[in-house]
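Visitor: I am new to this structure. Please pick a single part, look at it closely, and then place it within the whole.

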Amino acid sequence: MSPADLAVDSGQCLLDLGRTAEARARIAEGIALLPRARDKTRGIFLTYQARGCLEADDIEQAHAVTGESLDLATRIGAPRCVALVHELAPAFEPYRRAEGVSEFLERLRTG
């Protein structure tokens, strides 16, 4: 297991424990440690980061990170990552009026 994987996995555990701020920091650290050769993993880690943002009610950042994940997954053909993005969609529904969220949800429905 690489340092990037370890950081993100510990961030996931912290999210599960409700320690959102610490989780977000660990996940961001893990993403920063990933080499470009691991773009599929990056896309998945970005969905984890988005979950942390949603739990912290940082909708703007969650939207940006989820969009980045979807763009990356679509570009490189990563169906698991696309599926993880779709799993996040219901969490965005209450924020439909936030800038760009409605369009993002429509993109998921039609894409």
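Guide: Helices here are DSSP runs of H or I with at least four residues, numbered from the N terminus. The model is a predicted one. With that numbering, the part to look at is the loop between α3 and α4, where D57 lies.

The backbone at D57 has a positive phi of about 60°, although D57 is not a glycine. A residue counts as exposed when its relative accessible area is over 50%. D57 has a relative accessibility of 53%, so it counts as exposed.

On one side of the loop is α3, which covers residues 39-55, and on the other is α4, which covers residues 59-76. E60 has its place in helix α4. Its relative accessibility is 68%, and therefore E60 also counts as exposed. Y95 is 35 residues away from E60 in sequence, yet the two C-alpha atoms are 9.8 Å apart in space.

L54 belongs to the nonpolar core instead. Beyond its neighbours within four places in sequence, L54 is in contact with I59, A62, L88, A91 and F92. By their numbers, I59 and A62 fall in α4 (59-76), while L88, A91 and F92 fall in α5 (79-92).

The largest nonpolar core has 31 residues, and L54 is among those that touch the most other members, together with I44, F45, Y48, F92, F104 and L108. Each of the helices α1 (3-16), α2 (20-33), α3, α4, α5 and α6 (101-110) supplies at least two residues of this core. The helix that gives the most is α3, with seven residues.

Now the whole chain. Its secondary structure consists of six helices and zero strands, in the order α-α-α-α-α-α along the sequence. The radius of gyration is 13 Å, close to the 13 Å that the globule rule gives for 111 residues, so the chain is as compact as a globular protein of that length. The C-alpha trace spans about 35 × 30 × 15 Å along its principal axes.

Of the 111 residues, 43% are buried. Among contacts with a separation of 6 or more, 51% join residues 24 or more positions apart. The accessible surface is about 6,100 Å², and carbon and sulfur atoms account for 54% of that area. As for charge, there are 14 positive and 17 negative side chains, and the centres of the two sets are 4 Å apart.

Conventions:
Residues numbered from 1 in each chain as written. Predicted model: local features only at pLDDT ≥ 70, side-chain atom pairs only at ≥ 80, totals over all residues. Heavy atoms only, no water. Rg over C-alpha atoms; globule rule 2.2 N^0.38 Å. Buried < 20%, exposed > 50% of the residue type's maximum accessible area, 1.4 Å probe, protein only. Contact = heavy atoms within 4.5 Å. Areas by Shrake-Rupley, 256 points an atom, 1.4 Å probe, with all protein chains shown as cover. Lys, Arg positive; Asp, Glu negative; His and termini not counted. Charge placed at Lys NZ, Arg CZ, Asp CG, Glu CD. Core = buried A, V, L, I, M, F, W, Y, C linked by side-chain atoms within 4.5 Å.
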